[in-house]
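Me: Got a model open here and want to talk through a few spots in it. Can you walk me through the helices, the buried bits and any odd backbone?

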Amino acid sequence: ADILLVEDNRVNQKLATALLERAGYRVTLAENGARALDLVTAATIPFAAILMDMQMPVMDGLEATRRIRALEKEGGRQRLPIIAMTANAMQGDRETCVEAGMDDYVSKPIRADDLYERIAQLLNAAPS
């Protein structure tokens, strides 16, 4: 399955890519939400899910998610599972993520087992 990784931090990019590839996923990298939106809009790769960093320059994860959800609605597209990656998993973060249209979130630093479990749950729940 193809995963779109949206992350601006190089260290986090390398870590998440390594974890995902180890689990057999193909990873496409976007360094900010605007680039992610371009990739989803182009739809040249049928992504199974998106891992979205919350805080990035240019366009943050919440705004990118809102725009992706709007795009899906307008274009009658299938809903892509979006998992937020957040360094500050505090009370209220989950609500903020859900309101923006995200399906789940993982805390940074990312734990491999946690990440795999969330992706598996969403991909199994998604209509194929």
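Reply: Sure. One term before we start: strands here are DSSP runs of E with at least two residues, numbered from the N terminus. By that count Asp-104 sits in strand β5. Bear in mind that this is a predicted model.

Me: OK, Asp-104 then. Buried or exposed?

Reply: Buried: its relative accessibility is 9%, and the cut-off for buried is under 20%.

Me: What is Asp-104 in contact with, skipping the neighbours within four places in sequence?

Reply: Ile-82, Ile-83 and Ala-84, then Arg-94, and also Arg-118, Gln-121 and Leu-122.

Me: And how far is Asp-104 from Pro-46 in space?

Reply: 20 Å, C-alpha to C-alpha, with the two positions 58 residues apart in sequence.

Me: Switching to helices. How do α1 and α5 sit relative to each other?

Reply: They're oblique. The axes of α1 and α5, the helix of residues 112–125, come within 11 Å and cross at roughly 60 degrees. Angles from 65 to 115 would count as roughly perpendicular, so a crossing of roughly 60 goes down as oblique.

Me: Which hand is the crossing of α1 and α5?

Reply: Right-handed.

Me: Which residues meet there, between α1 and α5?

Reply: From α1 you have Leu-19, Leu-20 and Arg-22, and from α5 Ala-112, Leu-115, Tyr-116 and Ile-119. By class, that contact has six nonpolar residues, no polar ones and one charged.

Me: While we're on α1, where is Thr-17?

Reply: In α1 itself, which covers residues 10–22. Thr-17 counts as buried, at 17% relative accessibility. Apart from neighbours within four places in sequence, Thr-17 is in contact with Leu-5 and Val-27.

Me: And α2 with α3, what's the angle?

Reply: Roughly 15 degrees, with the axes coming within 9 Å. Under 35 degrees counts as roughly parallel, so that's what α2 and α3 are. The crossing of α2 and α3 is right-handed.

Me: Who makes the contact between α2 and α3?

Reply: On the α2 side, Gly-33, Leu-37, Val-40 and Thr-41; on the α3 side, Ala-64, Arg-67, Ile-68 and Leu-71. Those split into five nonpolar, two polar and one charged.

Me: Val-40 and Ile-68, do they turn up elsewhere? What is Ile-50 in contact with?

Reply: Both of them, as it happens: Ile-50 is in contact with Val-40 and Ile-68. Setting aside neighbours within four places in sequence, the list also has Leu-4, Val-6, Leu-80, Pro-81, Ile-82 and Ile-83.

Me: Where's Ile-50, and how buried is it?

Reply: Ile-50 is in strand β3, residues 49–53. Its relative accessible area is 0%, so it counts as buried. Ile-50 and Val-40 are ten residues apart in sequence and 9.6 Å apart in space, C-alpha to C-alpha.

Me: Next, α4. Which residues are buried there?

Reply: Asp-93, Cys-97 and Ala-100, in a helix that spans 93–100. Looking down the axis of α4, those buried residues fall within an arc of 70 degrees, so they line one face.

Me: Why would residues spaced like that point the same way?

Reply: An α-helix has 3.6 residues a turn, so residues three or four places apart point the same way.

Me: What covers the buried residues of α4?

Reply: The cover includes α3 (61–75), β4 (82–86) and β5 (104–107). Right after α4 comes Gly-101, with a positive phi near 110 degrees.

Me: Which residues other than glycine have a positive phi?

Reply: Ala-43 is one of them, with phi near 50 degrees, and Val-58 is another, at about 70 degrees.

Me: Where are Ala-43 and Val-58?

Reply: Ala-43 is in the loop between α2 (33–42) and β3. Val-58 is in the loop between β3 and α3.

Me: How accessible are Ala-43 and Val-58?

Reply: Ala-43 counts as partly exposed at 45% relative accessibility. Val-58 counts as exposed, at 69%.

Me: Last one: where is the cis peptide bond?

Reply: The bond joins Lys-108 and Pro-109, and omega is about -5 degrees. Pro-109 is in the loop between β5 and α5.

Key
Residues numbered from 1 in each chain as written. Predicted model: local features only at pLDDT ≥ 70, side-chain atom pairs only at ≥ 80, totals over all residues. Heavy atoms only, no water. Helix = DSSP H or I, 4+ residues; strand = E, 2+ residues; numbered from the N terminus. Buried < 20%, exposed > 50% of the residue type's maximum accessible area, 1.4 Å probe, protein only. Contact = heavy atoms within 4.5 Å. Axes fitted to C-alpha atoms, helices over the stretch in contact; angles between N-to-C directions. Parallel < 35°, antiparallel > 145°, perpendicular 65-115°, else oblique. Left-handed = near helix turned anticlockwise from the far one by under 90°. Nonpolar A, V, L, I, M, F, W, Y, C, P; charged D, E, K, R; others polar. Arc of directions from axis to C-beta.
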